[in-house]
Amino acid sequence: MRMRACGLSDVGRSRNHNEDHFQIVGDGRLCVVADGMGGHGHGDLASRIAVDAILDCLGEDNGDSDGAPERLEKAINRAHDTLLEKVAGNDDLIGMGTTAVVLLVDGRDAVVAHVGDSRAYRLRQGELELLTEDHSWVNEQVRAGFLSVDQARSHPLKNVVTRALGGDSEIQVDVTEIEVQPEDLYLLCTDGLTTMLRDEEIRERLRERGDRPLDEVCSRLVGDANQRGGLDNITVILLAVEE
Ligand code: CA
């Protein structure tokens with residue numbers, strides 16, 4: 001199988017700086033998106049530190065025989081510890097944190113791991129599937145039946161995450177193993193996309209991809225989120241799997 005990946009991050013229309021970061025390694029076998037938070041511009045620092053720490057940890061050959069899920073979980077925990085160390089050494093940084101969503105592909109096997117409300121989706125045979133479960137207050141309300149998905153998207157507390165790197169001293173990483181098939185299209189994104197566009201709208205834009213280059217599809221998703229108001233930073237990575 002061949003893969004192609006493309007990413008785009010945009011400040012949006014409302015914020016004056018971008019606190020999201022993303023990285024794509026190689027042809028896309030490792031993709032990371034992080035959405036930083038914290039006052040005084042430190043969200044930007046938090047998401048950058050987390051992305052770098054995750055890549056560094058996954059790039060190390062530590063000689064152990066951990067499988068991909070364990071390696072990913074370890075890498076995200078490393079990013080969390082790195083952030084806690086930074087905060088412990090500088091009171092100005094208190095309150096900084098970040099989400100992270102990571103996709104690691106190894107042949108036909110892949111692992112998705114995340115903390116927070118950045119998401120991974122898969123389009124397969126025209127159907128869009130959400131591969132992650134937001135760690136957010138509004139999602140808890142949706143699950144409990146108190147809010148609809150649409151109410152959650154526009155709720156004043158939609159930005160409140162219940163898990164974040166750099167936050168509480170212990171974190172719990174959600175790790176999911178998936179099988180990759182040719183023609184799959186994966187999307188990793190921050191909530192700046194998913195609070196502006198409904199899942200059905202994202203699905204339509206991915207379905208309409210046709211032969212368009214991935215960067216055009218990324219631009220269109222970001223452009224549409226901006227057209228809706230662009231109330232937050234918007235980051236997307238698309239990974240297309242080919243035969
Ligand atoms: Ca955000």
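Start at Glu-183: at 61% relative accessibility, this residue counts as exposed. The model you have open is predicted. Glu-183 lies in the loop between strand E9 (174-179) and strand E10 (185-189). Check its backbone: phi is positive, about 80°, although Glu-183 is not a glycine. Most residues other than glycine have a negative phi.

**Next stop: another loop**

Select Gln-125. You will find it between strand E7 (119-124) and strand E8 (127-130). Is Gln-125 buried or exposed? It is exposed, with a relative accessible area of 75%. Its phi is near 50°, again a positive value in a residue other than glycine.

**The calcium ion**

Now centre the view on the calcium ion. Which residues supply its protein donors? They are Asp-35, which appears twice in the list of OD donors, Asp-191 and Asp-232. These donors lie 2.2 to 3.1 Å from the ion. Along the chain they follow the spacing D-x155-D-x40-D. Colour Asp-35 and Asp-232 to see how this site links distant parts of the chain. Asp-35 sits in strand E3 (residues 30-37). Asp-232 sits in the loop between helix H7 (214-227) and strand E11 (234-242). The two are 197 residues apart. Both Asp-35 and Asp-232 are buried.

**The largest pocket**

Move on to the largest pocket, which holds about 400 Å³ of space. Show its lining of 21 residues. Nearest the centre are Arg-119, Asp-134, Val-149, Ala-152 and Arg-153. What classes of residue make up the lining? There are 11 charged residues, five polar and five nonpolar. Then switch on the helices. H3 (137-143), H4 (149-154), H5 (191-194) and H6 (199-207) each supply at least two lining residues. H4 gives the most, with four.

**Last stop: helix H2**

Select residues 68-88, which form helix H2. Place a distance between its end C-alpha atoms: they are 30 Å apart. That agrees with the expected span, because 21 residues at 1.5 Å a residue should cover 30 Å.

Now pick out the buried residues of H2: Pro-69, Leu-72, Ala-75, Ile-76, Ala-79, His-80, Leu-83 and Val-87. They cover an arc of only 135° around the axis, so they fall on the same side of H2. Turn to the face away from that buried side. There you meet the exposed residues Glu-85 and Ala-88.

Definitions and conventions: Residues are numbered from 1 along each chain as its sequence is written. This is a predicted model: local features need pLDDT of at least 70, side-chain atom pairs count only at pLDDT 80 or more; totals for chains, interfaces and linings use all residues. Side-chain values use heavy atoms; hydrogens and water are left out. On a 1 Å grid over the protein atoms alone, a cavity is a set of points where a 1.4 Å probe fits but cannot get out, and a pocket is an open set with protein on both sides within 12 Å along at least five of seven lines; lining residues have an atom within 4 Å of a point. Grid points are joined across faces, edges and corners, and a volume is the space filled by probe spheres set on the points. Ala, Val, Leu, Ile, Met, Phe, Trp, Tyr, Cys and Pro count as nonpolar, Asp, Glu, Lys and Arg as charged, and the others, Gly among them, as polar. Donors are N, O and S atoms within 2.8 Å of the metal (3.2 Å for Na, K and Ca); water is not among the atoms, so sites may look incomplete. Buried means under 20% relative accessible area, exposed over 50%, partly exposed in between (1.4 Å probe, protein chains only). The expected span of a helix is 1.5 Å times one less than its number of residues. The arc is that of the directions from the helix axis to the C-beta atoms.
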